[in-house]
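Let's take a guided walk through a protein model together. Have the 3D view open and turn it as you read.

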Amino acid sequence: MHGSGAPSAWLTRWARLLPPQGRLLDLACGSGRHANWLAEQGHRVTGVDRDAQALGGLKQGCEVIVADIENGPWPLAGRQFDAVLVANYLWRPLLPLIVQSVAPGGWLIYETFSAGQETVGRPSRPDFLLQPGELLRVAAGLRVVAYEDGFLGDRGSFVQRIVAHREAEGGAHPAVHRLDERLRPGG
């Protein structure tokens, strides 16, 4: 089932940057592998997917929104989140709305398939594969903290992934984003 299994190592690595008890959006979340993990960490999670049956797997306390975000209205108009997570999903017309949903001081954590994937499996249509540097262009205006574009041997897939921060409004000093992956929340 889409969205089942362990959370992405990319998310678990960077989750330490998220504010405690943050308001998080898991877009196209499927059965909630990320939403559930984040809820277990104490975050307030909103999960959006078009598959109502899959959303039944979200933990109690998660806000559930059943919406076809590709063919219907954007269900989150005017809302912003401390973090927006997107994994294994790409619908280019939504990219500006996704970035707009990141609140000041918030995070965009995005990971999906990229060009080259068509040589090893699905998805293989260019519509569903990021082009070189595409996530960097999407995150223009945000501060990019981490970015990768390449082949993941353990997954056997080509991916592009980014962690980007929207600076808080009126911040006198730039935020310090610890890159030491061995650190854990509060570490």
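The report below goes from confidence in the model to its helices, strands, cores and cysteines.

## How far to trust the model

What you see is a predicted model. Its mean pLDDT, the predictor's confidence in each residue, is 90, and 89% of the residues reach 70 or more.

One stretch calls for care: over residues 183-187 pLDDT stays under 50, and the model has 4 contacts there beyond four places in sequence. Where pLDDT is low, the predicted coordinates should not be read in detail.

## An enclosed helix

Try finding helix H2, which covers residues 33-40. Is it enclosed or not by the rest of the structure? It is largely enclosed, because 6 of its 8 residues are buried. Those buried residues are Arg33, His34, Ala35, Asn36, Trp37 and Leu38.

What do they pack against? Their partners are helix H1 (9-14), strand S1 (23-27), strand S2 and strand S4 (81-87). After H2 comes Gly42, with a positive phi near 100°.

## Two tryptophans in helix H1

By the rule used here, the model has 2 aromatic pairs. In the pair formed by Trp10 and Trp14, the ring centres are 5.9 Å apart and the planes meet at 65°, so this pair is edge-to-face. An angle over 60 degrees is what earns that label.

Trp10 and Trp14 are 4 residues apart in helix H1, which means about one helical turn separates them. An α-helix has 3.6 residues a turn, so residues three or four places apart point the same way. Trp10 counts as buried because its relative accessibility is 3%, and Trp14 counts as buried at 2%.

## Polar side chains in strands S2 and S7

Now move to strand S2, residues 44-49, where you will find Thr46. Thr46 is buried, with a relative accessible area of 4%. What does its side chain meet? A polar contact of 2.7 Å links it to the side chain of Glu63. Beyond its neighbours within four places in sequence, Thr46 also touches other residues, including Leu24, Asp26, Arg79 and Phe81.

His165 belongs to strand S7, residues 157-165, and is buried too, with a relative accessible area of 6%. A polar atom of the His165 side chain lies 3.2 Å from the backbone oxygen of Gly105.

## The nonpolar cores

In soluble globular proteins, nonpolar side chains tend to be buried together. How many residues make up the largest nonpolar core here? It has 28, and those with the most contacts inside it are Val48, Ile69, Val84, Ile98, Leu108 and Tyr110. Two or more residues come from each of S1, S4, helix H4 (95-100), strand S5 (102-113), helix H5 (134-138) and S7. A second, separate core has 22 residues, among them Leu18, Trp37, Ala83 and Trp107.

Val48 is a good residue to click on. Leaving aside neighbours within four places in sequence, its contacts include Leu25, Leu27, Cys29, Leu55, Ile65, Ile69 and Leu76.

## Cysteines without a disulfide

A disulfide is a covalent bond between the sulfur atoms of two cysteines. How many does the rule find in this model? The count is 0. For Cys29, the nearest cysteine sulfur is that of Cys62, 8.3 Å away. The sulfurs of a disulfide must lie within 2.5 Å, so a pair 8.3 Å apart does not qualify. Cys29 is buried, with a relative accessible area of 5%, and Cys62 is buried at 11%.

## Partners across the sequence

Residues separated along the chain can still meet in space, as two last stops show. Phe128 sits in the loop between S5 and H5 and, at 28% relative accessibility, counts as partly exposed. Phe128 and Tyr89 are 39 residues apart in sequence, with their C-alpha atoms 7.6 Å apart. Outside its neighbours within four places in sequence, Phe128 is in contact with Leu90, Arg92, Phe113 and Pro123.

Val159 lies in strand S7 and counts as buried, at 2% relative accessibility. From Val159 to Asp149 is 10 residues in sequence and 5.9 Å between C-alpha atoms. Beyond four places in sequence, the contacts of Val159 include Thr112, Phe113, Ser114 and Leu152.

Methods
Residues are numbered from 1 along each chain as its sequence is written. This is a predicted model: local features need pLDDT of at least 70, side-chain atom pairs count only at pLDDT 80 or more; totals for chains, interfaces and linings use all residues. Side-chain values use heavy atoms; hydrogens and water are left out. Buried means under 20% relative accessible area, exposed over 50%, partly exposed in between (1.4 Å probe, protein chains only). A polar contact is a pair of N or O atoms within 3.5 Å; within protein, one must be able to donate a hydrogen and the other to accept it, and residues adjacent in sequence count only if both atoms are side-chain atoms. Contact means heavy atoms within 4.5 Å. pLDDT is the predictor's confidence in each residue, from 0 to 100. A nonpolar core is a set of buried Ala, Val, Leu, Ile, Met, Phe, Trp, Tyr and Cys residues joined through side-chain atoms within 4.5 Å. Rings of Phe, Tyr and Trp (its six-membered ring) pair if their centres lie within 6.5 Å; planes under 30 degrees apart count as stacked, over 60 as edge-to-face and the rest as tilted.
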